[in-house]
Amino acid sequence: MKTTGQMFFGGETQGDDRSGCATLALEQVESRKMKPTIVFLVMSAVNKAETVDQLAYALAPHTVLVHHDFFQTPDFPLTAPNVLFVPNPKRTGWAFFGFVDGIFHSMQYALENLDFDYLQLLSPTCLPIKPVEAFEAHISGRAEAHFDCVDLLRDQDALMSVGYRALTPEKSFRHRVARRLAKVYFGTSSRRRDEAGIWLHSGSRKTPVSLMALWAVKALSRPAIGRHIFDETFRPYYGSTWFGASRHIVTAMLGSFSRPGVRDYFSRLCIADEFLIPTLLMEVAPAKGPMNHFIQKFDQAHPGRIGEDDLERLKTTPAYFARKFPDDPAAPIRLRVLEELAGTKAFVNDTSSLSTSRAPAPNHLTANLTKVLP
């Protein structure tokens, strides 16, 4: 008969079992050390605080760094213990360059104040569609960044769909002319391509007028004619904003963004983030992996809403996050995704023991809003 010690440890001798347990504990410590430290950067403005809280709980124990525009939603309390607010947030908005400034401001803050191996950009309407442990393993591979894009100058559909946005300032006469040329080129065609987290018009009428429009936009793509900053050493790319990257790539992106003329040029473009981020990433990230997001098919300028009919597709996609989910933490599709795909509790309702970050009045935007953890 085994002694009490033998029965407790399950081996032939208590000493041997204690040694085995110590080895197992050491292996667990080493395993934890090998896990990457992730910062999830969430760009927030008008979505519900409860929606962001639910996302943060699902990403625990990793830090969720929230850049929130308090001018748009002044009262924004969060209860998740892994949340930090970015101090001195920027004014943001759809198609507003403050959104880009907010991203790079947050990246700079993360580099200066947080210890992390990898940063993943998210929106409040994103959710994980795989367990966080699977994402940890995924980003531990050889890829330095995960994103998708198309080469604007080599992809004719991209050049004619959105080239006018990348090659001309939004409020310029050249912009209006180039946009008109794009409409002439595609005519009434409804064909489209959905890839790289964006969509493009596809095909054209093979008429003299459409060919002339193509020739004119190609001429505009030359720096001497278009008066833009792109050339063979700094090519323009178009793709989704929602990237993930290793710490040294984030550092390199900030360095490129701070180069003379870069911010000034992109700040004059229409929806600049869809060009700036993939362009910088293609410049600084030689080891690239596919984007970590599944993005619902676009309806014109905005991604569609994910519903329960999309659940089976989410189960089979290789992505680790998806958008755009309803801005309602009680939405059935959100609860099912978190429980069935991410393997986490949908929400933590008992927050009485947690500290809460609450937004200050709008005129206090320069205050340090970093959350004090319990």
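Colleague: Is glutamate 340 buried, partly exposed or exposed?

Modeller: The general idea is to ask how much of a residue's area stays accessible; under 20% relative accessible area is buried, and over 50% is exposed. Glutamate 340 has a relative accessible area of 42%, so it counts as partly exposed. Please keep in mind that this is a predicted model.

Colleague: Thanks! Which side chain does glutamate 340 meet in a salt bridge?

Modeller: For a salt bridge, look for a basic side-chain nitrogen of Lys or Arg within 4 Å of a carboxyl oxygen of Asp or Glu. Here the partner is arginine 336, with 2.8 Å from N to O. The two residues share helix H14 and sit four residues apart, about one turn of the helix.

Colleague: And which other residue forms a salt bridge with arginine 336?

Modeller: That is glutamate 308, where the closest N and O atoms are 3.4 Å apart. This pair links distant parts of the chain: arginine 336 is in helix H14 (residues 332–341), while glutamate 308 is in the loop between strand E15 (302–303) and helix H13 (311–316), 28 residues apart. Arginine 336 has 31% relative accessibility, so it is partly exposed. Glutamate 308, at 42% relative accessible area, is partly exposed too.

Colleague: How many salt bridges does a search of the whole structure find?

Modeller: The search finds 17. One of them joins glutamate 195 and arginine 193, with the closest N and O atoms 2.6 Å apart. Glutamate 195 is partly exposed at 33%, and arginine 193 is partly exposed at 21%.

Colleague: Which residues are linked in a network of salt bridges?

Modeller: Look for Asp151, Arg154, Glu232 and Arg235, which are linked in such a network.

Colleague: Let's turn to arginine 192. In which strand does arginine 192 lie?

Modeller: Arginine 192 belongs to strand E8 (residues 192–195), and its relative accessible area of 28% makes it partly exposed. To read its surroundings, set aside the neighbours within four places in sequence; arginine 192 is then in contact with Trp199, Leu200, His201, Ser202, Lys297 and Phe298. You can also compare sequence with space: glycine 203 is 11 residues from arginine 192 in sequence, and 7.9 Å from it C-alpha to C-alpha.

Colleague: What joins the side chains of arginine 192 and aspartate 194?

Modeller: A polar contact of 2.8 Å joins them.

Colleague: Now a strand. How many residues of strand E1 are buried?

Modeller: A handy way to read a strand is to take its cover and its two faces in turn. In strand E1 (residues 38–44), seven of its seven residues are buried. Ile38, Phe40, Val42 and Ser44 point one way, Val39, Leu41 and Met43 point the other way, and all are buried.

Colleague: Which strands pair with E1, and in which sense?

Modeller: Strand E4 (residues 118–122) pairs with E1 in the parallel sense over five bridges, and there the bridge partner of isoleucine 38 is tyrosine 118. Strand E2 (residues 63–68) also runs parallel to E1, joined by six bridges. In that pairing, valine 39 stands opposite threonine 63.

Colleague: Through which helix does the chain cross from E1 to E2?

Modeller: To read a crossover, follow the chain from one strand over the helix to the other. Here the path goes through helix H3 (residues 49–59), and this β-α-β crossover is right-handed.

Key:
Residues are numbered from 1 along each chain as its sequence is written. This is a predicted model: local features need pLDDT of at least 70, side-chain atom pairs count only at pLDDT 80 or more; totals for chains, interfaces and linings use all residues. Side-chain values use heavy atoms; hydrogens and water are left out. Buried means under 20% relative accessible area, exposed over 50%, partly exposed in between (1.4 Å probe, protein chains only). Two strands pair if DSSP finds at least two bridges between them. A crossover is right-handed if, with the strands pointing away from the viewer, the path from the first strand over the helix to the second runs clockwise. Contact means heavy atoms within 4.5 Å. A polar contact is a pair of N or O atoms within 3.5 Å; within protein, one must be able to donate a hydrogen and the other to accept it, and residues adjacent in sequence count only if both atoms are side-chain atoms.
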